[in-house]
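Reader: I would like a close look at a single helix in this model. Please go through its residues and what surrounds them.

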Amino acid sequence: MQTEELYKAMFQSIIDGDSDVAASLAKQAIDSGLDPLEAINEGFVPGVNQVGEQFSCGDMFLPELVMAGEAMKTAISVLEPEMAKRGTERKVFGKVVLATVQGDIHDIGKTLVGTMLAAYGFQVYDLGVDVPILKVVEKAREVNADIVALSALLTTTMVRQRDVIEALEDVGLRARVKVMVGGAPVTHEWVEQIGADGYSEDAVGAVNVAKKLLGV
Ligand code: B1M
């Protein structure tokens with residue numbers, strides 16, 4: 001299959017919520033020597049964006065959203081080891097505690113960010129999704145984190161990013177831990193408003209922001 005055709009099929013596999021097809025296309029991408037991150041961004045992400053749009057205007061319903069999410073996760077799980085392999089810089093730049101904030105179960109973007117950070121030399125402690133504020137703070141203290149990285153996909157859960165920053169302040173950790181935020185609803189204005197140190201729109205940008213924050 002030509003690359004463009006493959007990307008179209010990837011797009012369709014997410015719209016169809018077909019995990020088996022998505023996995024097989026992801027394998028084909030690896031076999032063809034395609035950049036795994038490019039396959040995600042050019043093939044699968046447009047599909048999940050389309051599903052999101054159709055969901056918001058009532059043309060698709062929750063079960064379809066769930067199936068699209070599962071297909072996306074399956075594809076990424078196939079591509080992830082290849083992405084990790086391609087991270088060429090092996091030096092450890094710093095420790096990152098990563099989480100999707102409390103009340104939010106979206107993990108695809110967060111996991112992608114974690115994979116890229118790990119691939120490019122950060123030690124990543126991925127706490128998962130719906131992570132309570134104090135659990136993030138405790139982990140940051142326990143591992144002596146350089147960065148706390150918080151993902152939020154819902155306008156209703158973005159406020160938890162601010163809550164974590166306040167909790168870090170309360171326990172006296174804020175001065176030595178940088179806070180990086182991201183997720184579809186996050187804007188530069190929001191970052192300024194909550195006093196976060198960095199923000200990126202995507203996973204590759206997240207690596208650059210993390211490096212910049214630590215001056216490496
Ligand atoms: Co949800 N959902 N969802 N959903 N979902 C959105 C976010 C939504 C925009 C869809 C829509 O209506 N158009 C909408 C939010 C509306 C809003 O708040 N304004 C929405 C809703 C409403 C909901 C529910 C409330 C639906 C319901 O139950 N009625 C519910 C919420 C549950 C909860 O969290 N409590 C819900 C549930 C779900 C599923 C479980 C079904 C599933 C998630 C599956 C999973 O993650 N395992 C799901 C999905 C798949 C989506 C959409 C379609 C896709 C999200 C995604 O994975 N994108 C999404 C619409 C959309 O975003 N187009 C939608 C692909 C991923 C690679 O991108 O996550 O943006 P993203 O991550 C990017 C960047 O944002 C950035 O880098 C990543 C890689 O490039 N980034 C960071 C992310 N985190 C970062 C952190 C950083 C830096 C960069 O530094 C720390």
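Author: What follows looks at helix α2, then at two residues elsewhere in the chain. The model is predicted.

Helix α2 covers residues 19–31. With 13 residues at 1.5 Å a residue, α2 should span 18 Å, and its end C-alpha atoms are indeed 18 Å apart, so the expected and computed values agree.

Which residues of α2 are buried? They are A22, A23, L25, A26 and A29. Viewed down the axis of α2, these buried residues fall within an arc of 165°, and therefore they line one face of the helix. Their packing partners are α1 (3–15), α3 and α4 (62–86). D20 and D31, on the other side of α2, are exposed.

One of those partners, α3, spans residues 36–56 and contains F55. F55 has a relative accessible area of 35%, which means that it is partly exposed, since that class lies between 20% and 50%. Together with L62 and V66, F55 makes a nonpolar surface patch of about 270 Å².

T157 offers a case outside the helices: T157 sits in the loop between β3 (147–151) and α7 (159–170). Its relative accessible area is 5%, and because buried means under 20%, T157 counts as buried. Apart from neighbours within four places in sequence, T157 is in contact with V101, Q102, G103, D104 and A152. E138 is 19 residues from T157 along the chain, and the C-alpha atoms of the two are separated by 20 Å.

Definitions and conventions. Residues are numbered from 1 along each chain as its sequence is written. This is a predicted model: local features need pLDDT of at least 70, side-chain atom pairs count only at pLDDT 80 or more; totals for chains, interfaces and linings use all residues. Side-chain values use heavy atoms; hydrogens and water are left out. Patches are made of residues with over 30% relative accessible area and no salt bridge: like charges are joined within 9 Å, nonpolar side chains (Val, Leu, Ile, Met, Phe, Trp, Tyr) within 5 Å. Accessible areas come from the Shrake-Rupley method with a 1.4 Å probe; for residues, only the protein chains shown count as cover. A salt bridge is a side-chain nitrogen of Lys or Arg within 4 Å of a carboxyl oxygen of Asp or Glu. Helices (H or I, at least four residues) and strands (E, at least two) are DSSP runs, numbered from the N terminus. Buried means under 20% relative accessible area, exposed over 50%, partly exposed in between (1.4 Å probe, protein chains only). The expected span of a helix is 1.5 Å times one less than its number of residues. The arc is that of the directions from the helix axis to the C-beta atoms. Contact means heavy atoms within 4.5 Å.
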